[in-house]
Amino acid sequence: MRKIRILRWNLNCAATSVLLTASLGAVLAQQGVTAPGGPPMGYKPVPDFFQLPVDFSFGMVSAIAIGPQGKIYVLNRGAHPLVEFDANGKFLRSLCEEGVFMMPHGIRVDREGNIWTVDVASHMVIKINQKGNVLKVLGRRGEAGTNKLRFNRPADIAVAESGDFYVADGYGNSRVVKFDRDGNYLLEWGKKGTGPGEFNIVHAVVVDNRGRVYVGDRENYRVQVFDESGKFIAQWSNVGSPWGLDITADRQHILLADGYNNRVVKLNMEGQIVGVQGGPGRAIGEFIHAHAIAAAASGDFYVAEIENWRAQKFTRK
């Protein structure tokens, strides 16, 4: 094990934000392909849920994940990029300081409590334990590639119950790469395109307890379903643009962060829309570019917003 090295972060978040967010009107005009509606999910946002210290603030929030004892991990592009909260939203600690990431993008927590982070700009996947020690690094900082040892702007990661994991190598390589629990390369599939098994930005990936892999094919506005060997099974079109995906605790539904349409969509395991939550805006309960989503064991869920620089909790209570 080795401690995370503190490196200088050479990315100007403020400048990036200006480029991405010229105005609210421009953002709301950038809608995706209109997807069908559905019945309201009936959840309520919880105002001011995350209790940050007075000297802390989020940057652009790119991802969120649930860990042991319901702990919540928020990944953002601010001075404290990886922040841990308890199940009640109380701040616990900052795991990594400014400079560890270049542009943090995705986060998941495995069954053992290890935290997997994906950095889109450094082309790296980093596995961190609960003590904050780095256990594994895949890819090489600042070096994009197309082989099994390099990524090109990866976006997300999914860890199966077996410990095998899948990397959405998403912006540059348009592929999914599978590794065993020790980080040994197993296989990959995908290329740029619109056909079955082809992708236009592999932005999200989750795996169910049957080993089926659900891939958010963002710019093709669909979710594609594969077996654990990468064999194409089905595609779910007309559901919106899948920026983020997670499977509910009962394993009966998938929650989809529809980034272009500024909403959350609840799907059954056949890809049918059974509920919709939210709409465009900056008010509590609204979204601008919902980027990632995390389903809690309680049935609550959390949404990371890249544009509104926040994470929101939604509950039925």
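**Salt bridges and the largest pocket**

The side chains of aspartate 258 and arginine 263 form a salt bridge, with an N to O distance of 2.9 Å. Both partners are buried: aspartate 258 and likewise arginine 263. The model analysed here is predicted, and the distances, accessibilities and volumes reported below are computed from it.

In total, the structure contains 17 salt bridges. Among them is the pair of arginine 108 and aspartate 156, whose closest N and O atoms lie 2.7 Å apart. Arginine 108 belongs to strand β7 (residues 104-109) and aspartate 156 to strand β11 (residues 156-159), so this salt bridge ties together parts of the chain that are 48 residues apart in sequence. Arginine 108 and aspartate 156 are both buried.

A further salt bridge joins glutamate 188 to arginine 175, the closest N and O atoms being 3.0 Å apart. Here, too, distant parts of the chain are linked: glutamate 188 is located in strand β14 (residues 185-189) and arginine 175 in strand β13 (residues 175-179), with their positions 13 residues apart in sequence. The relative accessible area of glutamate 188 is 33%, and this residue is therefore classed as partly exposed. Arginine 175, by contrast, has a relative accessibility of 2% and so counts as buried. Beyond individual pairs, Arg108, Asp156 and Asp246 are joined into one network by salt bridges that share partners.

Attention now turns to the largest pocket. Its space amounts to about 770 Å³, and its lining comprises 29 residues. Of these, Ile66, Val109, Arg111, Asp246 and Arg251 lie nearest the centre of the pocket. Asp246 is thus a member of the salt-bridge network as well as one of the lining residues nearest the pocket centre. At least two lining residues are supplied by each of the strands β3 (61-66), β7, β11, β15 (202-207), β19 (242-247) and β23 (290-295). By residue class, the lining consists of 19 nonpolar, three polar and seven charged residues.

Strand β23 also contains alanine 295. With a relative accessibility of 14%, alanine 295 falls under the 20% limit and therefore counts as buried. When neighbours within four places in sequence are set aside, alanine 295 is in contact with Ile66, Asp246, Ile247, Thr248, Leu255, Asp300 and Phe301. Two of these contacts, Ile66 and Asp246, are also among the residues nearest the centre of the largest pocket. For leucine 255, which is 40 residues from alanine 295 along the chain, the separation between the C-alpha atoms is 7.5 Å.

Note on methods
Residues are numbered from 1 along each chain as its sequence is written. This is a predicted model: local features need pLDDT of at least 70, side-chain atom pairs count only at pLDDT 80 or more; totals for chains, interfaces and linings use all residues. Side-chain values use heavy atoms; hydrogens and water are left out. A salt bridge is a side-chain nitrogen of Lys or Arg within 4 Å of a carboxyl oxygen of Asp or Glu. Helices (H or I, at least four residues) and strands (E, at least two) are DSSP runs, numbered from the N terminus. Buried means under 20% relative accessible area, exposed over 50%, partly exposed in between (1.4 Å probe, protein chains only). On a 1 Å grid over the protein atoms alone, a cavity is a set of points where a 1.4 Å probe fits but cannot get out, and a pocket is an open set with protein on both sides within 12 Å along at least five of seven lines; lining residues have an atom within 4 Å of a point. Grid points are joined across faces, edges and corners, and a volume is the space filled by probe spheres set on the points. Ala, Val, Leu, Ile, Met, Phe, Trp, Tyr, Cys and Pro count as nonpolar, Asp, Glu, Lys and Arg as charged, and the others, Gly among them, as polar. Contact means heavy atoms within 4.5 Å.
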